[in-house]
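Student: I should like to look closely at the charged side chains of this protein. Could you please take me through the way they pair with one another and where unpaired charges gather?

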Amino acid sequence: MAEALQQLILNTLDAQGAIKDTRSLVIPGQPEPAASHDSQIVILGALNSLLSRDMIKYDSHEVLSYILSPEGAQIAKEGSHEARVWVALPAKGLGPPMTQAQLGKEVGDATAKVGQGNAFKQKWIAREGDGLVKAVDSIKDVTQLELQEIESSGDLKSGQKALADLRKRKLVVQRKGQWFTVQKGANFSTSTAKPETDLTADMLASGAWKTSTFKKYNFEAEGIPPAGGSLHPLLKVREEIRNNFLEMGFAEMPTSSYVESAFWCFDAMFVPQQHPARDLQDTFYISDPVKSLPPEPSYYKRVSTVHEHGGYGSTGYRAPWSHEESSKLLLRTHTTASSTHMLYKLAARCRGEDIEGDEKEFTHGARPTTAHGNPVSDDGFRPAKLFSIDRVFRNETMDATHLAEFHQVEGVVADKGLTLADLIGFMRVFFKKMGIEKVRFKPAYNPYTEPSLEIFAFHPMLDKWVEVGNSGMFRPEMLEPMGFPKDVRVHGWGLSLERPTMIRYGINNIRTLLGHKVSVEGIENSAAVMF
C-alpha cells in the first residue's frame, strides 16, 4: 500500500500541480477521503519517503479534533446516564414509583447516581412519594447525539460551549492532528522507482552506473552507537585499588584456586578444627571429590603437632587432630588461603630449598634488610609485599548486604623487625590513597593473627564510623612451621571490594550490584570511579 499511496500522490500532483489539502485524498483500499488523524499519519509516511528523494515538498497544518473517552463511547452506544434512568422509570400514574434501591439494581449504582442529577436538571423525572417516575412522555438524548457526531466527524457543529461541557464531564478528549499541502520537488517524477543506494561491481562492469539514479548520502545523520563493552563498577573499583597496591611496590599473587583444602584454608593458618567458621552453616564443602591431595608430609606433621600438642612457644589447642577434617575440600572462605600457600613457598629458601616459579619475582633484593633498612644475616629470607583481589564464598543468608560470594582485597607484608606501629602506619597510607582520611583501629581477635585490629573509617554521608577491614600480625604458630626464622614478622589484612563500591555508587542493595538483578544499562552508564 505504501508504493500505491506514493504513486497516488505523484499522479495527483502531475494532474493538479499541487495538493491543497491531503484530507481530500482517498487512500488506496479505503472507501472515504482521509479525514481522520490515523489516515493523515499514513499519508505523512508516504510524504517523508518522497521528500527524502526531493520529489516533493510539503507544509504541515495543525488541526484540533476530538475523540471519545471509554465512558463517552459507551454513552454514544447505549445512551446517556440520564436517558437510561428515564427509560428505567415508570410513567406517572401507570405504575408504582421506583425506589432508589430498585433503580440502582436496574441501571447500576454509578449510572443511577449521575443520571438522576442530570435528569432532574432537565425535568425528565419527578419524585412521587418515596420513589421516582417519568415527568415527560418523550426525551431527546442530546448528549448521545453529540457524542455520535464527534465519533463520526471528530468535531461538533453546535459549538465550543457544548464541547467544553463534554470535556468537563470527561466524555471526550482533545487530540492534535495535522494535514498537509503538497508541491512538486526538484526531482519530481511520476515514477516511484527507488534510487540505488550502493555502487556495485556489476554496475561498474556493465556501465549501468552512468544512467542509474543514486540516493543522496545524508552526512548529517547520526551513526548507530557502537555496542562496545562496559566495565562493571566492581571492576572499576578493583582496578583503582590494584593500582594503589602497585604504586606502593606490591606484587600481585595468583588466586585462581577457588577450591581449597581445609588444611590450607584453616589448619595452616592455625584455625582450630573445632572453630565455628568450619561448620556447614558457614562453609560450602565439596561432595565430589571428597578429599584433597595430601600436603608435603613434614610440613603437615609440624602443623598437626602445633595444633594438638603445641610448639614454637605455644601450648596449642590441646584437641585431637582429625586427618579427615583436614583433607576436606571446600570453596575458599577467604583469599588468605592463597596467601598462606604463597608464604609457604617464600619460606622455601629458609628451609634450605630452592625457590621455584613466579615466587622469585615476589622477593626483593639480593641482600635482605629489615623494615628499617638495617642489613641482616643471609639466612635465606627475602622481604616480600604481596596482594590479591578475588572471590571468596561463604554460606551466608542472602539479604541487602550479604551474598554467598563476594570479593576480598587481601595483602601481606613479610619482613624482619616489623611492629604493630608499621601495620597501622601502612594502613593509614593505604586508605588515604583511597580517599579515606579518618581511620582508627580497635583491638580484635583472629585465630591466626596476634595482635589483631579491626579498621574503622568515618563515613561522611552516614555521619558515623563504619568497619572497613580486618588486620593483624600472623602468629608464630602459623609462620615458624613453614620454616621462617623467628624474627620474621608478617602483616596481613583484608577488606571487602563490594562495600567501598556500594558507598562510591550510592547502592544500598548488594543484589543490584552483583547477580542476576544487575541492570545492564546501569553498568553501561556508571561513572568511572576515582577515590
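Tutor: What follows is a description of selected salt bridges and of one charged surface patch. Please keep in mind that the structure is a predicted model.

A search of the whole structure finds 13 salt bridges. A salt bridge here is a side-chain nitrogen of Lys or Arg within 4 Å of a carboxyl oxygen of Asp or Glu.

Let us begin with Arg238 and Glu252, whose side chains meet in a salt bridge with an N to O distance of 3.3 Å. Arg238 belongs to helix α10 (residues 233-247) and Glu252 to strand β6 (residues 251-252), so this pair ties together parts that are 14 residues apart in sequence. Arg238 has a relative accessibility of 21% and therefore counts as partly exposed. Glu252, at 26% relative accessibility, is likewise classed as partly exposed.

We turn next to Arg391 and Glu405. These two residues form a salt bridge in which the closest N and O atoms are 2.7 Å apart. Arg391 is placed in strand β9 (residues 384-393), while Glu405 is in strand β10 (residues 405-416), so the pair connects parts that lie 14 residues apart in sequence. Arg391 counts as partly exposed because its relative accessibility is 29%. For Glu405 the relative accessible area is 28%, and this residue is partly exposed as well. Elsewhere, salt bridges that share partners join Arg238, Glu239, Arg242 and Glu252 into one network. The pair with which we began, Arg238 and Glu252, thus belongs to that network.

A further salt bridge brings together the side chains of Glu325 and Lys328, at 3.1 Å from N to O. To classify these partners, recall that buried means under 20% relative accessible area, exposed means over 50%, and partly exposed lies in between. Glu325 has a relative accessibility of 13%, so this residue counts as buried. Lys328, in contrast, has a relative accessible area of 30% and is partly exposed.

Finally, we come to the patch. Asp279, Asp282, Glu396 and Asp399 gather on the surface in a patch of negative charge. Residues admitted to such a patch have over 30% relative accessible area and no salt bridge. One of the four, Asp282, is found in the loop between α11 (262-265) and α12 (297-308). Asp282 has a relative accessibility of 35%, and for this reason it counts as partly exposed.

Methods:
Residues numbered from 1 in each chain as written. Predicted model: local features only at pLDDT ≥ 70, side-chain atom pairs only at ≥ 80, totals over all residues. Heavy atoms only, no water. Patch = residues over 30% accessible without salt bridge, like charges linked within 9 Å, V, L, I, M, F, W, Y side chains within 5 Å. Areas by Shrake-Rupley, 256 points an atom, 1.4 Å probe, with all protein chains shown as cover. Lys, Arg positive; Asp, Glu negative; His and termini not counted. Charge placed at Lys NZ, Arg CZ, Asp CG, Glu CD. Helix = DSSP H or I, 4+ residues; strand = E, 2+ residues; numbered from the N terminus. Buried < 20%, exposed > 50% of the residue type's maximum accessible area, 1.4 Å probe, protein only.
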